[in-house]
Amino acid sequence: MKNSAGMAMKLLAIYVLMACFATTISLFGQLLDPIRSYYDITIEQANTLLSAQSVGGVFIAVISILYIDSLNQRKIIALAGIMLAVALISMSVLPLFMVFWLIFISIGLSTGLINILSNSVLVNIATTNKQRFLTILHMVFSLWAFVMPFIAQSLYESIGLGQTLLIIGGAILICCAFTFSVFYEEIRMPLITDRLNIRHRYREVLKVLRKPGMKQIYLLMVLTSIWQMCTIYNVSGAVSLINGRPVEGAWALSSLFLGMIVSRLLYSTVADRFSQGKVLAIMNTAGAGLWTAAMLVQDVIIKIILIGITAVACGVNFPAIFGASCKIADKNTATASGLVALGYYTAIFVFCPIVGSLSDIFGYSFALLLLVIPLLLVLPLSVLLHRRMRSNETAV
């Protein structure tokens, strides 16, 4: 009973940190236009600023791939939460635009650690139903991200950008205090838990990369992240412009996250019964059609509803991909999660500025409509992933 209670508290601590990560993503998704207005920058420049997070994220992903299995992951993820809170608070008191680049890189470092290690630590904490707990983790992300656009918009309209960042950063700091209390014993332990043998680590990484399906998982994460992250950062601004009402943009962003909540809630009940490759193929093909309709329709209410339904289809992507990676490389979950996260940050770094540039030239609607392309490309890769994973199971 005591062990079960301890596991539950540790799982809750990971869920709280994932909520902090979701808060940051949703916050910038909703307040991208206020940030643009404050600094008088273009959509492309704003998206490039957001993609600066990926510099820190890529660094963390590479470190995770090479060394994270030899480090105290629970200590690192707890410290990452503190770093995120400090970065957001710093944004409120250091409003110089050039300083923002350094802060966004530090946000990328901290959120990268939370994003990667939350999956790995959770899989190691959970003794049973790992895929279900993993799916719930991503559902927590969607749930909190669903609430945040309204909180962020309300705070911004009441107290301005700087104070909004200060309050949210302080709230994340309080959440980190809870995480520290849960992982106190692990935090007291040394940072390095195993001998850092670089040659051995390279062999382990190559072993993971050579596992059938891992290359497809990386590419699938790139494609699904292009759609998800470019949508998160731009859909609120796109819908707000239709009638000039920011609250409609908040509804669109929340509809996106609500769809993900529903998707991940449903998927958590059947995650262990279906092949991740088949799920990705079917749901993203359906999502491509729904997304095309959502971007072509002009009625705001119908558009918001279709955005939410698209998210129901595509919301399974991240839990399914992370689950598949940890299933293929079950002895090196942190390395596998690092490879997946590398795909995520590659998408943000390369494609967020491209979508921003297209939005400046052709408008939001055309740029977001093009996001149907990566959804369609998911189909052949996910079918190949299914075949690779089935061959793995047959070999075992």
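## A walk through salt bridges and a helix pair

Start in helix α9 by selecting glutamate 185 and arginine 188: being three residues apart there, the two are separated by about one helical turn. You're looking at a predicted model, so side-chain atom pairs count only at pLDDT 80 or more. Show the side chains and you'll see glutamate 185 and arginine 188 meet in a salt bridge, at 4.0 Å from N to O. Now switch on a surface and look at arginine 188: with 58% relative accessibility, arginine 188 counts as exposed.

Next, stay in α9 and click on glutamate 186. Is glutamate 186 buried or exposed? Its relative accessibility is 12%, so glutamate 186 counts as buried, the cut-off being under 20%. Follow the side chain to its partner, arginine 74: the two form a salt bridge, with the closest N and O atoms 3.2 Å apart. This pair ties together distant parts of the chain, since glutamate 186 sits in helix α9 (residues 184–188) and arginine 74 in helix α5 (residues 73–93), 112 residues apart.

Now jump to arginine 245 and glutamate 248. Here is another salt bridge, its closest N and O atoms 3.3 Å apart. Colour the two by accessibility: arginine 245 is partly exposed, at a relative accessible area of 44%, whereas glutamate 248, at 11% relative accessibility, counts as buried. Then go back to glutamate 186 and add Lys10 to the selection, as salt bridges with shared partners join Lys10, Arg74 and Glu186 into one network. How many salt bridges does a search of the whole structure find? The count is four.

Time to leave the charges and look at helix packing. Two packed helices are described by the angle between their axes and the distance between those axes. Select helix α2 (residues 32–39) together with helix α3 (residues 43–51): they pack at about 115 degrees, and their axes lie 10 Å apart. Angles from 65 to 115 degrees count as roughly perpendicular, so that is the label for α2 and α3. Turn the view until one helix lies in front of the other, and you have α2 passing α3 in a right-handed crossing.

Last stop: show side chains where the two helices touch. On the α2 side, pick Leu32, Ile35 and Arg36; they meet Ile43, Ala46, Asn47, Leu49 and Leu50 in α3. Colour this contact by residue type and you get six nonpolar residues, one polar and one charged.

How values were computed
Residues numbered from 1 in each chain as written. Predicted model: local features only at pLDDT ≥ 70, side-chain atom pairs only at ≥ 80, totals over all residues. Heavy atoms only, no water. Helix = DSSP H or I, 4+ residues; strand = E, 2+ residues; numbered from the N terminus. Buried < 20%, exposed > 50% of the residue type's maximum accessible area, 1.4 Å probe, protein only. Axes fitted to C-alpha atoms, helices over the stretch in contact; angles between N-to-C directions. Parallel < 35°, antiparallel > 145°, perpendicular 65-115°, else oblique. Left-handed = near helix turned anticlockwise from the far one by under 90°. Contact = heavy atoms within 4.5 Å. Nonpolar A, V, L, I, M, F, W, Y, C, P; charged D, E, K, R; others polar.
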